[in-house]
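Work through the exercises below on how two chains meet. Try each task before reading its solution.

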2 protein chains.
Amino acid sequence: MQSFEFNNPTKIIFGLDQENKVGKEIAPYSRKILLHYGGGSIKMNGLYDRVVAALKDEGIEFVELGGVQPNPRLSLVREGVDICKAQGLSFVLAVGGGSVIDSAKAIALGALYEGDVWDFYTGKETPAAALPVGTILTIPAAGSESSTGSVITNDDGQWKRPVNSDLLYPKFSILNPALAFSLPKYQIGCGATDILAHLMERYFTNVEHVEFTDRLIEATMKTVLHNVPKILDNHTDYDAWAEVMWAGTIAHNNLLNQGRVGDWGSHDIEHEISGIYDVAHGAGLAVVFPAWMKYVHKHDLDRFVQFAVRVFNVEQDFKDKEETALRGIRALEEFLMRIGMQVRLSGLGILDDRLHEMARKGTQNDTITLGNFVPLGEKDVYEILRLAI
Amino acid sequence: MQSFEFNNPTKIIFGLDQENKVGKEIAPYSRKILLHYGGGSIKMNGLYDRVVAALKDEGIEFVELGGVQPNPRLSLVREGVDICKAQGLSFVLAVGGGSVIDSAKAIALGALYEGDVWDFYTGKETPAAALPVGTILTIPAAGSESSTGSVITNDDGQWKRPVNSDLLYPKFSILNPALAFSLPKYQIGCGATDILAHLMERYFTNVEHVEFTDRLIEATMKTVLHNVPKILDNHTDYDAWAEVMWAGTIAHNNLLNQGRVGDWGSHDIEHEISGIYDVAHGAGLAVVFPAWMKYVHKHDLDRFVQFAVRVFNVEQDFKDKEETALRGIRALEEFLMRIGMQVRLSGLGILDDRLHEMARKGTQNDTITLGNFVPLGEKDVYEILRLAI
């Protein structure tokens, strides 16, 4: 286990109707906020009205900015930054899923920065200040509600880039599992895939003696594997949603990567796919992760055997590690298909004509490697994309 | 799952040599502190000198108060409170195990209170303010390094009572597994028992749909079960100590009780034993917990079967739940004996002459019940103590 410092300050407020507390939670921070959301579903299902009522109860003024789309765009972030600066807003409330939250975090960074907010995503600048952010989560998936990360897509250049900073931990996140009842099946599958991917990125590490976090990750994965099919059978199963929503937050709140180094190569590769094709992040991950596993599993067969046996209850072949490892990868694919995901690029309608381009772009012309478990150069990324076709 | 709010603000600083950061961590809070510790082993092993050097590096003045003993005494707490008040100290640094930390938290409460600090432990007063506390942990066991609790024993009346308040979360806790290398075998066993007990108190709940936290608790227990025997074989196994130390903190930092209601009856009963006989807390728990399980297991056989199968890998008898449940309890006893614990009061040299007295005192003459899984009256507590003889 490596040395670490861990201090996640996000206050989690979990349960039915908890969104009605949002005004009280914001009041210590601000009297005039940006209310940021997505495509308007929150106006149809009544959530918007409840949030507005809770803000008004506390006398908190707000300016609205809706319209966040999946793979949230830099142009809307810039618009939010301008609004915050022009109107002196001092808090950003995100009501939605990971895209809305990531967009809100970007706005919070930009609002206290003189230059262009994209500088933080290109690595030109390191975040030094950010407005406080709060969230009301409607989609268990990205884990952004209790994480340090934000991923934004530049509309112009098809670039999708992340930034990480302790400044981006939300002050609070309200998690009401019932807000997820109305999600379409496909979005449930994409969200579950994203959660599993966050766990697997952390799981595949070269750091030794990480038994406790291994077991916590396995426990979190098993919870997702057990409960997502329940949700797909019954969209209003509050108890199953509660398990998945809480698991999705823990999967990405940095508890499960303490003392170890995760991989994150699959996320990087996926960013190239969804940057160009605008598929959902989870949809891209469902394709990339099994292909990545097939490409790298020989690097540490023991770890893949443990994954197969402990997470997917694969019957271990004690004489043939690779057989067991491959069955684990196959079990992952079968689970993803069962929850409605495609596990090949072709299933997403993506042809093989831009694989070289994605491999080149992702590795910046083979000048950087992706991932830590096995550092991947341009040729490796290309081979993984080939396996994903 | 029940609704909950979770916000543990304790910063964890984990790894070799991390105690050298203690001055820097305190500096934002205070320039003049109480340095609180136990029996002087920290002076023998060099830790005291490193802490003093780190404080001096930051120009932090300190007043010393050593002498904390297991089952920390109210008299020393009062002494610490007086020192803090008289000398205007504004931070309490605990260097030691759970007893030192609990004593430091009590001093932190008393220092900002006009009356007698014992008022918080009798329930006469609710904590409204406390000095900030930091810790350097030397014994993985009590979990007090990242918890809201403090347990103090009144020297005069043999009363051992807890208080809980969010004010008592330490600001930071430094966890260096190597600081535990010199612990004697018996203290390792007591500490491991305490950690397991914190997990089992949370595990046995009547709240339904708590799969995720069930699995996290099971993962934490399995980590302890796997690594404590390694430590007993090799006291300087850093990697095994790291697993146990981090597991011990997570076991009690409130993550694993979110959305559920723990039992805590065994802890209450144990407080009566160690209040009178001054046995180590872990030693008392090793006796009480199996007896409690034998008394209450029929209340929810399914949960005891899950415990047996998932935590202790008991081969399930699908036709006989009780058989499986009892094998799980037996497996717990066997593990405790393997790590050097006695599992009967007689093994601790305690006779059966004061069982009625403990049952009466613990239930305040049968006017309150202990525990939540099965609320226990005076007669129940007596029967459990009888089973423990």
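**Exercise 1. Find which strands pair across the chains, and how they run.**

Solution. Take strand E1 (residues 4-6) of chain A and E2(B); three bridges join them, and they run antiparallel. Strands here are DSSP runs of E, at least two residues, and helices are runs of H or I, at least four, numbered from the N terminus. Two strands pair if DSSP finds at least two bridges between them. One partner pair is A:Phe6 with B:Ile12 in E2(B).

The model is predicted: local features need pLDDT of at least 70, side-chain atom pairs count only at pLDDT 80 or more, and totals for chains, interfaces and linings use all residues. Residues are numbered from 1 along each chain as its sequence is written, chains are lettered from A in the order written, and side-chain values use heavy atoms, without hydrogens and water.

**Exercise 2. State how much area is buried between chain B and chain A.**

Solution. Buried area is the accessible area (1.4 Å probe) that two parts lose on being put together, summed over both. The value is about 3500 Å², and carbon and sulfur atoms give 57% of it. In chain B, B:Met1, B:Phe212 and B:Trp246 lose the most area to chain A, together 19% of what that side buries.

**Exercise 3. Count the salt bridges between chain B and chain A.**

Solution. Look for a side-chain nitrogen of Lys or Arg within 4 Å of a carboxyl oxygen of Asp or Glu. The count is four. B:Lys11 forms a salt bridge with A:Glu5; their closest N and O atoms are 3.5 Å apart.
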